[in-house]
Amino acid sequence: MQEVIAHLVKLQSMDSRIAEINSVVSNTPSQMQAIKDRLDKAVSGHKAIGSALETNKKEYLQLEKELNERKELFANSQKKLMTVQNNKEYQSVLREQDNLKKTIDDSDKTLKEMLSANYGYESELATITELKDGLELELSGVTSEKREEDKELHAELEVLVNERAEQATKISKVQLSKYDRIRGYRKNIAVAKVKDEVCNGCYMHLPPQLYVDVKKDASIYSCPYCQRILYYQEEEVVSTEE
Ligand SMILES: [Zn+2]
């Protein structure tokens, strides 16, 4: 491989790694925001269920109190029944008891329903508490993990940027500006390997003569479709492309 091509291939691998690091680092805030958003939802859900449970418990106690008062009234009217003087009074106490009995039955039924709702709220609360705790743990784990990863990547980036600048000095200004220009409009890839007559930058089939020329490696050739600088590498060599 010509020296200039080898320099460009190396420069490309550095630029690809730099772009990869930048993409990982810039994705960190949105990854953490996604967990934060889920946590916020769990926290507000937890609050809503907690407050519904609280309200239900309060209303239950209130109704229970009223029920006990009515039961007391019923017991009193039972005593009254034994002291009534005439039939009219007797009928009146019975009517009163009928009404009380009905209200007592209704309250009993409502209390049972509220108790079952309570169990429902408690189980929902347990589930969402678990979810919330899990997300809090995940967030703190990811935060420290990302902090560590970002630190390593920043260190690698710092070294790479210097090495890249050094590598760029090995290439002529004309070649370098051509390389940078192609990289600018071809998704950061300016140098493409040719394999089986195909440009591995755009995956178009190259004209046979061009393929032969690239293989001969006598000059610098560009892909007629994507304009990337082409190079050929023997199969047994471990590839840095793809
Ligand atoms: Zn191409």
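Which strands does helix α4 (residues 208-216) lie across? Select residues 208-216 in this predicted model, and you will find that helix α4 crosses β1, β3 and β4, with its direction at about 70° to that of β4.

**The overall division**

Before going further into that region, colour the two parts of the chain separately: domain 1 covers 27-168 and domain 2 covers 173-232. If you mark the C-alpha centre of each domain, the distance between domain 1 and domain 2 comes to 64 Å.

**The sheet**

Next, display the strands as a cartoon, where 4 of them form an open sheet of mixed pairing, in the order β2-β1-β4-β3. The edges are taken by β2 (198-199) and β3 (221-222), and because each has a single partner strand, one side of each is left without a neighbour in the sheet.

Select β1 (residues 191-195) together with β4 (residues 229-232), which run parallel and are joined by 4 bridges. Within this pair, V191 has I229 of β4 as its bridge partner, while A192 stands opposite L230. Now turn to the surroundings of β1, where 4 of the 5 residues are buried, so that this strand is largely enclosed by the rest of the structure.

**The two hairpins**

Keep β1 on display and add β2, which pairs with β1 in the antiparallel sense over 2 bridges. Here K195 faces V198 of β2, and the hairpin that these strands make has 2 residues between them, with D196 taking a positive phi near 50°.

Then move to the other hairpin, formed by β3 and β4 with 6 residues between the strands, where Q227 in the turn has a positive phi of about 65°. The strands β3 and β4 run antiparallel and are joined by 2 bridges; in one of the pairings to look for, Y221 has L230 of β4 as its bridge partner.

**L230 and the nonpolar core**

What does L230 touch, beyond its neighbours within four places in sequence? Centre the view on L230, and its contacts prove to be A192, V194, C199, V214, Y221, S222 and C223. The largest nonpolar core contains 17 residues, and of these I229 and L230 touch the most other members. The elements that contribute two or more residues to this core are α1, α3, β1 and β4.

**Helix α3 and the residue after it**

Select helix α3 (residues 173-185) and draw a distance between its end C-alpha atoms, which are 19 Å apart; this agrees with the 18 Å that 13 residues should span at 1.5 Å a residue. Following α3, pick out K187, whose phi is positive, near 50°.

**A last stop in helix α1**

Is S23 buried or exposed? Select S23, which is found in helix α1 (residues 3-83), and count the C-beta neighbours inside 10 Å: there are 10, and because a residue with 12 or fewer is classed as exposed, S23 counts as exposed. Finally, draw a line from the C-alpha of S23 to that of C223, two residues that are 200 residues apart in sequence and 27 Å apart in space. C223 will be familiar from the earlier stop, since C223 is one of the residues in contact with L230.

Technical notes
Residues are numbered from 1 along each chain as its sequence is written. This is a predicted model: local features need pLDDT of at least 70, side-chain atom pairs count only at pLDDT 80 or more; totals for chains, interfaces and linings use all residues. The expected span of a helix is 1.5 Å times one less than its number of residues. Domain bounds come from an automatic or database domain assignment. A residue is buried if 20 or more other C-beta atoms lie within 10 Å of its own, exposed if 12 or fewer, and partly exposed in between; C-beta atoms are placed from the backbone. Two strands pair if DSSP finds at least two bridges between them. Two residues are in contact if their C-beta atoms, placed from the backbone, lie within 7 Å. Axes are lines fitted to C-alpha atoms, for helices over the stretch in contact, and angles run from 0 to 180 degrees between N-to-C directions. A nonpolar core is a set of buried Ala, Val, Leu, Ile, Met, Phe, Trp, Tyr and Cys residues joined through C-beta atoms within 7 Å.
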